[in-house]
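Colleague: I am new to this structure and would like a close look at a single part of it. Could you take me through one residue and its surroundings, and then set that part against the whole?

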Amino acid sequence: MTQVNQPESLSQPLTQSEFVATFRLFSRFSFWIQLFFGAVSGIVLLFAMLGRNMSDQTNNNAGIGFGIFLAVVGLLLLCFRIFWDFRYRLLGRLLHAENSQVYPSKEHITHTLRIGLVSSLVGVLIAFVASEETVAVVLAKTLSQPQAMAAYAPENVIRSLDIFVTMANVNLIGAHFFGAVTSLGLLNWVED
């Protein structure tokens, strides 16, 4: 039986300088991606919330209101996650420092990455539930009345603002997903 030789780069763990460079690159990438998705979600959610006329009968739908609430919770969690990614960048700077006395310990890095991972996974769950709930409300509106009857039952009209809430939640899923992938990748490299 012949043994397959692995490429040199796959059989060896990363050196400290390679890990530091990778850590800094991934933390920077994750920070900006999540900031972009968070900004898009925040703007879309703001449009959805400001566009809802409180005196209009079409806004008596509690489902869309709950979807907005979950989106706001997911957005707040993403704000924490973006702050946490900024912390990753500070850890990367400490690891890059020439003074070895300021290096964070492996346990500290692992703990920091796990907190980021857990916050991203909770964010994915919240945004997923919010997306499912919002899509279910829009589907229920669609199925409840024929389109010709929408003029007589304004609470069943699908408005573009309903879709904005769904879009915000889907963007939050993407942002939290990138955060989770970054944390998992960095955690994997720390533990090797």
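Modeller: M49 has its place in helix α2, which covers residues 16-50, and I should say at once that this is a predicted model. The relative accessible area of M49 is 34%, and because buried means under 20% and exposed over 50%, with partly exposed in between, M49 counts as partly exposed. Together with L46 and L50, M49 forms a nonpolar patch on the surface, and the three residues share about 300 Å² of accessible area.

For a contrast, it helps to turn to N169, which lies in helix α5, made up of residues 160-191. N169 has a relative accessibility of 0% and therefore counts as buried. When residues up to four places away in sequence are left aside, N169 touches G67, A71, A127, A130, S131 and T134.

These two residues belong to a protein with 5 helices and 0 strands, whose elements follow one another from the N terminus as α-α-α-α-α. Of its 192 residues, 41% count as buried, as N169 does. The accessible surface of the protein amounts to about 11200 Å², and carbon and sulfur atoms hold 68% of that surface. Among the contacts in the protein with a separation of 6 or more, 85% come from residues 24 or more positions apart.

Notes. Residues are numbered from 1 along each chain as its sequence is written. This is a predicted model: local features need pLDDT of at least 70, side-chain atom pairs count only at pLDDT 80 or more; totals for chains, interfaces and linings use all residues. Side-chain values use heavy atoms; hydrogens and water are left out. Patches are made of residues with over 30% relative accessible area and no salt bridge: like charges are joined within 9 Å, nonpolar side chains (Val, Leu, Ile, Met, Phe, Trp, Tyr) within 5 Å. Accessible areas come from the Shrake-Rupley method with a 1.4 Å probe; for residues, only the protein chains shown count as cover. A salt bridge is a side-chain nitrogen of Lys or Arg within 4 Å of a carboxyl oxygen of Asp or Glu. Helices (H or I, at least four residues) and strands (E, at least two) are DSSP runs, numbered from the N terminus. Buried means under 20% relative accessible area, exposed over 50%, partly exposed in between (1.4 Å probe, protein chains only). Contact means heavy atoms within 4.5 Å.
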